[in-house]
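This report describes the fold of one protein, the surroundings of its ligand and the confidence of the model. The sequence and the structure are shown first.

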Amino acid sequence: MGKYSYIKEEAYEGNLLLPKLNLVLFTWGNVSVADHKEGVFAIKPSGVPYDKLTIESMVIVDFEGEVIEGNLRPSSDTPTHAVLYQHWNDVNSIVHTHSTYATAWAQSQLDIPIFGTTHADHTTSDIPCAPPMSDEMIKGDYEYQTGFQILNILKEKKLNHKEMEMVLVGNHAPFTWGESAIKAVYNSAVLENVAKMAYLTRQINPKAPKLKDALINKHYERKHGANAYYGQK
Ligand SMILES: O=C(CO)[C@@H](O)[C@@H](O)COP(=O)(O)O
């Protein structure tokens, strides 16, 4: 099945999880998996429905977005994935969806406020929304610029991509990442649920306060801290 079958398989399995978890409709998303030593990643072919995907149909591209192996055109978002892999050698998988609630926050051009412990179990900050792209960016290499929008908003908010594994792109939709396809897809599912809860919180109480620092730290640390005690040893 070719030199890169291990990343093709992981990318294929990751893509199939998107419709299973109700994170996409039709062809509205993509998962990629990278091998940094080889300088390549496997990504979904563009516009192919999830039930028509096969392991062999995954496209192998390099970190410049050039096709190395595969007969189909890679995802239209390939340059965004490529920019992120170029900058983050400790990220092995990237996911893009148009999941409803996360996309609604992105379209509203708002960060998702940290309202509750579900959010704090995963990250200690509001989930950032990058500003919409300028006309120049849209006319130029739009999908590459989307990658830079993600990098820039993390820098602006002083967030490290290991502590914040999800970003909304204003006017567009969410991107998440992780050390594996399972983790990156998990992050997309967490983001969608946190986005839904935040939306409903605002509906019920437009003045709902954000979570206080003590509770943010408590919940984050008990799952991820040096003395974490959530779950089993
Ligand atoms: O953002 C969009 C469309 O607006 C794309 O990410 C989405 O449709 C998925 O495209 P691909 O099938 O991966 O090319």
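In what order do the eight strands of the open sheet lie? In this predicted model, the order is β4-β3-β2-β1-β5-β8-β7-β6, and the pairing is mixed. The edges are formed by β4 (67-69) and β6 (129-130), each of which pairs on one side only. Within the sheet, strand β7 (residues 166-169) and strand β8 (residues 174-178) are paired in the antiparallel sense over three bridges, and M166 stands opposite T176 in β8.

Helices α1 and α2 pack on this sheet, and the table lists the strands that each touches, together with the angle between the direction of the helix and that of one strand.

| Helix | Strands touched | Angle between directions |
|---|---|---|
| α1 (residues 5-20) | β1 (29-35), β2 (40-43), β5 (93-97) | about 155° with β1 |
| α2 (residues 78-87) | β1, β2, β3 (59-62), β5, β8 | about 145° with β2 |

Turning to the ligand, the residues that surround it are T27, W28, G29, N30, K44, S46, G47, S75, S76, D77 and H96. By character, this shell divides into one nonpolar, eight polar and two charged residues.

As for confidence, the protein averages a pLDDT of 97, and 100% of the residues score at least 70. The lowest confidence in the protein falls in helix α5 (residues 135-139), with a mean of 93, whereas the highest is found in β5, at 99. The scores of the model are ipTM 0.96 and pTM 0.97.

How values were computed. Residues are numbered from 1 along each chain as its sequence is written. This is a predicted model: local features need pLDDT of at least 70, side-chain atom pairs count only at pLDDT 80 or more; totals for chains, interfaces and linings use all residues. Two strands pair if DSSP finds at least two bridges between them. Helices (H or I, at least four residues) and strands (E, at least two) are DSSP runs, numbered from the N terminus. Two residues are in contact if their C-beta atoms, placed from the backbone, lie within 7 Å. Axes are lines fitted to C-alpha atoms, for helices over the stretch in contact, and angles run from 0 to 180 degrees between N-to-C directions. A residue is near a molecule or strand if its C-beta atom, placed from the backbone, lies within 6 Å of it. Ala, Val, Leu, Ile, Met, Phe, Trp, Tyr, Cys and Pro count as nonpolar, Asp, Glu, Lys and Arg as charged, and the others, Gly among them, as polar. pLDDT is the predictor's confidence in each residue, from 0 to 100.
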